[in-house]
Amino acid sequence: MTTPTASHPRSRSRRALLRATMLPAGLAASLVLVPLPSAVAASPADASAAQGATAAGPTEPGPLRIHDIQGTTRLSPQVGKSVPGVPGIVTGVRTYGSKGFWMQDPNPDADPATSEGLFVYTGNAVPSVKVGDSVLVTGKVTEYYPNFGGGSQSLTQLSAPQITVVSAGDPVPAPVVVSTRNIPGTYTPLAGGASIEALPLQPEKYALDFYESLEGMNVQVRDTRVIQATDKYNELWVAADAQDQRSKRGGVLYESYAEPNVGRLMVQSLTPIAQQPFPVANVGDVLTGATTGPLDYNQFGGYTLAATTLGTVQDNHLEREVTAPAGEREATIATYNVENLAPGNPDSKYAELAQAVVTNLRSPDVVALEEIQDNNGATNNGTVDASVTVAKFIAAIKAAGGPAYEWRSIDPENNKDGGEPGGNIRQVFLFNPQRISFTDIAGGTSTAAVDVTGTGAAAALSASPGRIDPANEAWVNSRKPLVGQFSFRGKKLFVIANHFNSKGGDQGIDSRFQNPTRSSEEQRVKQATVEQAFVAKLLAADHDAKIVSLGDFNDYQFSPALATLTAGGVLRDLVNELPEKEQYSYVYQGNSQVLDHILVSPEVGYAKYDVVHINSEFAKQASDHDPQVVRIKP
């Protein structure tokens with residue numbers, strides 16, 4: 001790691017650590033040995049490497065330093081080897097989860113590609129070292145992949161360590177301040193979908209290389225904006241680069257596969273919650289002051305600042321949105337993913353979801369719900385009926401001052417539609433019979449394919465509610481679209497409730513494979529192809545058909561799936577008509593992104609569309625999705 005210069009602003013201290021030539025005679029007698037069990041629990045990366053750790057720590061520095069172990073690529077040139085007496089200063093200690101500590105050499109080399117920090121994995125043993133200890137560590141160099149099959153990068157670490165504390169209370173190497181000034185604007189090198197692990201790091205050219213060159217080192221962010229709220233795991237995300245595209249409410253927008261936003265960093269705390277509660281923050285809040293700690297890597301977001309010091313939250317007073325009121329002649333149609341709603345959920349969840357429908361969405365005429373579970377939730381006993389779940393939700397809406405909704409749906413086949421095993425999630429239509437009527441047409445079942453009958457004004461569904469081509473391979477282990485026929489002020493209206501297959505199995509944007517493979521995309525394209533054909537058939541029967549397709553499509557407005565669904569102009573995606581900074585409905589890994597959509601057919605010319613931000617940007621959430629609503633005049 002090069003020394004700081006005007007052209008290379010990464011600065012850190014160079015406090016001395018005893019080297020082999022500096023050790024006074026007889027030092028071995030004064031060394032403090034850190035006791036470890038005779039056999040430490042295995043790391044997932046190398047179970048056998050954890051065996052045989054003993055209390056016999058090294059007595060003098062070996063020939064290698066941390067930068068020699070880290071090397072100039074993502075993989076250590078010493079991987080698989082036992083390295084003796086590696087010196088460093090302890091910069092952070094983790095006493096939970098993957099237990100261990102980070103150490104850093106305060107005497108860096110001149111190569112910006114080589115990290116001076118390293119994680120020491122202690123297995124089940126809680127480390128007894130402390131921040132500021134000067135240590136010597138003998139251990140086996142391993143590359144730990146948090147999610148090897150999912151394409152994650154690796155974390156270079158020492159396993160089965162033998163540790164000697166040389167002294168305590170030593171100065172910790174000064175942190176590298178990570179900011180717009182030194183984060184490159186290009187996210188990653190490309191390798192045609194192959195691994196980038198063997199490529200030489202270019203930390204001044206690529207953001208992923210920049211973070212890798214700091215892996216395990218003490219880093220710092222200052223006065224950073226929160227771009228993903230505190231979650232139940234006591235994590236949040238900040239924007240270390242102020243130049244990432246900002247959303248209207250303070251997040252950062254995910255606008256294309258080529259622009260994943262270079263400054264996103266997850267923040268965790270190394271301090272136990274009992275000693276220091278983790279800050280509760282919403283998107284747009286600011287983590288003021290310094291947040292400092294080693295730079296870790298994990299499977300839930302890549303590079304992560306494991307904080308020994310946390311900044312203070314400055315509240316930006318983010319408000320939950322309320323959609324505009326509808327006119328008497330406007331039909332209001334909403335979509336809301338209610339995140340595995342089941343009778344066993346707390347009453348408070350029902351109440352929060354219901355209040356959102358009544359207050360924030362203003363009691364839409366139709367609400368398409370996703371992720372309604374069956375009557376016993378995740379209990380996997382063959383139950384598919386969801387009448388108890390829906391009735392409880394309708395009652396909660398009425399208790400919140402809303403209308404007496406009626407509902408329609410089709411039970412799925414048991415465990416055939418994906419989601420939580422036993423939960424049998426499905427889409428459900430709620431509708432307000434005082435405002436809109438549902439046209440019931442017999443014949444809809446879990447396995448029967450809905451069709452189009454008649455032409456012109458007589459065009460109709462063969463079954464309402466019905467499912468679109470449920471036997472098609474596109475819907476294997478995934479939700480089938482639910483289509484219903486409605487009448488609003490004497491005008492026919494077709495509504496399709498969707499929940500396309502998830503992104504499970506895709507390689508992350510921080511993957512060691514670049515560009516990453518989006519394997520789940522293939523099925524969503526097939527699903528979009530099937531639905532586009534159905535919409536086209538309906539429009540062929542009645543060119544003037546008013547169609548609204550909405551729900552959780554699990555894909556972006558720029559994705560191949562949405563391009564397929566809108567092919568031929570059969571539908572238009574209303575999110576593209578919002579101002580750019582308002583185009584998001586979900587926040588994941590610090591990216592404000594679009595997963596939920598409302599699309600309309602060409603004859604729905606008047607469409608006032610709103611993503612109502614009430615969940616995704618907040619630490620307290622009733623669901624992880626924001627609902628959406630459209631006002632149309634059929």
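Select residues 252-253 and 591-593 to begin: these are strands β10 and β28, which pair in the parallel sense over two bridges. The model is a predicted one. Within this pairing, Leu253 has Ser592 of β28 as its bridge partner. Now add residues 586-588, strand β27. The three strands form an open sheet in the order β10-β28-β27, and its pairing is mixed. β10 and β27 are the edge strands, each pairing on one side only. Strands of a sheet pair through backbone hydrogen bonds, either parallel or antiparallel.

Next, select residues 347-360, helix α3. This helix has 14 residues and spans 19 Å from its first C-alpha to its last, close to the expected 20 Å. Colour its buried residues: Lys349, Tyr350, Leu353, Ala354, Ala356, Val357, Val358 and Asn360. What do the buried residues of α3 pack against? Show β15 (331-341), β16 (366-372) and α4 (387-399), and the packing partners are in view. After the helix comes Arg362, with a positive phi near 60°.

Move on to Val384, in the loop between β16 and α4. Leaving out neighbours within four places in sequence, Val384 is in contact with Asp374, Asp411, Pro412, Glu413, Asn414, Asn424 and Arg426. For a sense of distance, pick Gly284 as well: Gly284 and Val384 are 100 residues apart along the chain, and their C-alpha atoms are separated by 41 Å.

Then turn to the nonpolar cores. The largest has 39 residues, and Val178, Ile183, Tyr211, Leu214 and Leu265 have the most contacts inside it. Elements that each supply at least two residues of this core include α2 (207-212), β8 (218-228), β11 (264-269) and β12 (286-298). Centre the view on Ile183: apart from residues up to four places away in sequence, Ile183 touches Val178, Ala207, Phe210, Tyr211, Ala240, Asp241, Val262 and Gly263. Another core, of 29 residues, lies apart from the largest one; select Ile410, Phe431, Ala607 and Ile632, which are among its members. In soluble globular proteins, nonpolar side chains tend to be buried together.

Finish by colouring the chain by pLDDT. The mean is 92, and 91% of the residues reach 70 or more. Which elements have the lowest and the highest mean pLDDT? Strand β1 (residues 32-33) is the lowest at 39, and β16 the highest at 99. Select residues 2-54 last: pLDDT stays under 50 there, and the model has 136 contacts beyond four places in sequence for this stretch.

Definitions and conventions
Residues are numbered from 1 along each chain as its sequence is written. This is a predicted model: local features need pLDDT of at least 70, side-chain atom pairs count only at pLDDT 80 or more; totals for chains, interfaces and linings use all residues. Side-chain values use heavy atoms; hydrogens and water are left out. Two strands pair if DSSP finds at least two bridges between them. Helices (H or I, at least four residues) and strands (E, at least two) are DSSP runs, numbered from the N terminus. The expected span of a helix is 1.5 Å times one less than its number of residues. Buried means under 20% relative accessible area, exposed over 50%, partly exposed in between (1.4 Å probe, protein chains only). Contact means heavy atoms within 4.5 Å. A nonpolar core is a set of buried Ala, Val, Leu, Ile, Met, Phe, Trp, Tyr and Cys residues joined through side-chain atoms within 4.5 Å. pLDDT is the predictor's confidence in each residue, from 0 to 100.
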